[in-house]
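Dear colleague,

Please find below the structure that I am handing over to you, together with its sequence. My findings follow directly after it.

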Amino acid sequence: MDFTFSEEQTAFRDSISRFLMTEAAPEMLRDIWETESGRSPELWTKIAEQGLMGLSVPEAEGGLGLGDIDWALLLQEVGYYALPDSLVDTAYVAVGMLSALPAGHAARAWLPQIAQGTCRVAVGHPVNPHVADAALAEVLLLPHATSAGTELHVVPRAQCDITELKSIDSSRRLASVQWQPTPASRVLDAVQGQKVWDAAGERGALAAAAQMLGLAQRMLDLSVDYVAQRKQFDKVIGGFQAVQHHLANIVTKIEFAKPVFYRAFYALQHGEADLAVRTSHAKLQCSEASWFAARNSLQVHGAMGYTWEVDLQMFMKRAWVLDAAWGDKAWHEARLTSGLLGSPEAPVGPGATFDRELPADRCATRAAAQPLSEEVPA
């Protein structure tokens with residue numbers, strides 16, 4: 001399996017990085033987040049002009065029709081520069097859901113508007129207790145649970161009762177949404193809707209994982225710059241071995257998380273059966289990398305790293321809130337454990353590790369799968 005990105009993919013990532021370096025500098029984001037809406041129409045327009053809003057929109061609806069893997073590098077840049085959530089939720093998660101609707105469905109009319117940058121979409125996934133950017137969106141994708149599954153409803157913002165909530169991250173605008181499902185708002189029944197919601201959950205979790213990976217790298221870069229200038233006892237603190245160890249350990253966490261993350265994106269695009277396990281593994285690994293980067297970066301900065309004047313606090317807070325988005329640690333740990341150890345049908349593998357009463361044919365299969373073991377207990 002080859003995880004090497006093409007020259008076109010890396011070139012696109014680099015061009016977006018140069019764009020965001022100018023248009024999403026920390027001092028500019030501070031000014032935006034202190035506004036009432038926390039968003040900049042000018043920045044949103046520039047993002048749309050770069051073609052980012054239409055990456056996953058089918059070509060027939062005015063987009064580029066790219067796949068999930070094409071987002072893997074871009075989403076890390078979104079995290080690295082701490083862009084608002086609207087881009088990810090609208091251009092990636094929501095587009096994936098709307099694109100799954102049958103051809104000619106009325107709700108697909110939102111896709112060209114998304115590609116043009118004239119529409120924001122908020123996604124109220126069941127795994128998230130609150131909806132990001134609900135007060136800013138033109139339309140919301142909301143779930144309605146039934147005994148047969150979860151229906152998909154497309155609801156205009158005017159038909160929702162939205163209560164804005166506070167977040168530790170000034171860029172994250174959360175809200176509690178109250179609404180009433182109707183036959184007119186339902187676009188997919190419970191059976192078909194459940195499939196779309198499941199796919200959206202995987203995309204949302206991997207999008208959060210990608211951003212946390214980018215955030216970890218940004219916190220590392222900020223720390224490297226800081227320790228190269230900060231002096232103590234007339235010496236640059238970057239020369240102290242203890243400080244070097246802190247930063248080297250962050251690099252290790254990031255590099256160990258990357259292959260897990262890329263493997264999960266491959267599973268998503270190819271619809272592999274173990275996608276849920278791959279996604280949860282990636283979310284946990286990227287979460288660990290970002291939390292570790294935040295803790296060690298704050299350690300080398302000192303207490304001042306948490307103050308508003310220092311850029312580090314922006315990226316730490318963003319990492320903390322994304323850790324709880326699209327399934328928190330406990331949720332993904334439970335799903336990962338269930339996927340690895342909770343499959344009694346599997347004749348070989350982790351699911352049979354602690355099984356002491358296996359049928360004879362399964363014991364023989366396990367023995368064949370463990371040639372280094374002289375004896376396999378029944």
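**The sheet and its helices**

Strand 3 is joined to strand 4 by a hairpin through two residues. Please bear in mind throughout that this is a predicted model.

The two strands of the hairpin, strand 3 and strand 4, run antiparallel and are joined by eight bridges. Within this pairing, alanine 145 stands opposite threonine 150 of strand 4.

The hairpin belongs to an open sheet of four strands, in which the order is 1-3-4-7 and the pairing is mixed. Its edge strands are strand 1 (121-123) and strand 7 (186-188), each of which pairs on one side only. On average, and with direction ignored, neighbouring strands of the sheet are turned by 35 degrees against each other.

As general background, the strands of a sheet pair through backbone hydrogen bonds, in either a parallel or an antiparallel manner. Both senses occur here, as the mixed pairing indicates. Strand 1 pairs with strand 3 in the parallel sense, over three bridges, and valine 123 stands opposite leucine 141 in strand 3. Strand 4 (residues 149-156) pairs with strand 7 in the antiparallel sense, over two bridges. Here histidine 153 has arginine 186 of strand 7 as its bridge partner.

Two helices should be mentioned together with the sheet. Helix 5 (residues 85-99) packs on the sheet and touches strand 1, strand 3 (139-146) and strand 4; its direction makes about 75 degrees with that of strand 1. Helix 7 (residues 190-227) lies across strand 1, strand 3, strand 4 and strand 7, and runs at about 80 degrees to strand 4.

**Helix 7 and its partners**

Helix 7 also packs against other helices. In general, two packed helices are described by the angle between their axes and by the distance between the axes.

With helix 8 (residues 241-269), the axis of helix 7 comes within 10 Å and crosses at roughly 160 degrees. Because this angle is over 145 degrees, helix 7 is roughly antiparallel to helix 8. The crossing of the two is left-handed. Among the residues that make the contact are Leu206, Leu213 and Leu220 of helix 7, and Ile250, Ile254 and Phe261 of helix 8. By class, the contact of helix 7 with helix 8 has 18 nonpolar, two polar and three charged residues. The charged residues include Glu202 and Arg203 of helix 7 and Lys258 of helix 8.

With helix 10 (residues 312-324), helix 7 packs at an angle of about 155 degrees, and the axes are 9 Å apart. Helix 7 and helix 10 are therefore roughly antiparallel to each other as well. Helix 7 passes helix 10 in a left-handed crossing. Helix 7 contributes residues including Met212, Leu215 and Met219 to this contact, while helix 10 contributes residues including Phe315, Met316 and Leu322. By class, ten nonpolar, one polar and three charged residues take part in the contact of helix 7 with helix 10.

**Confidence of the model**

The mean pLDDT of the chain is 88, and 88% of its residues reach 70 or more. Over residues 344-349 the pLDDT is below 50, and this stretch has nine contacts in the model beyond near neighbours in sequence. Residues 351-356 also have a pLDDT below 50, with twelve contacts beyond near neighbours in sequence.

Yours sincerely

Definitions and conventions: Residues numbered from 1 in each chain as written. Predicted model: local features only at pLDDT ≥ 70, side-chain atom pairs only at ≥ 80, totals over all residues. Heavy atoms only, no water. pLDDT = per-residue confidence, 0-100. Contact = heavy atoms within 4.5 Å. Pairing = 2+ DSSP bridges. Axes fitted to C-alpha atoms, helices over the stretch in contact; angles between N-to-C directions. Parallel < 35°, antiparallel > 145°, perpendicular 65-115°, else oblique. Left-handed = near helix turned anticlockwise from the far one by under 90°.
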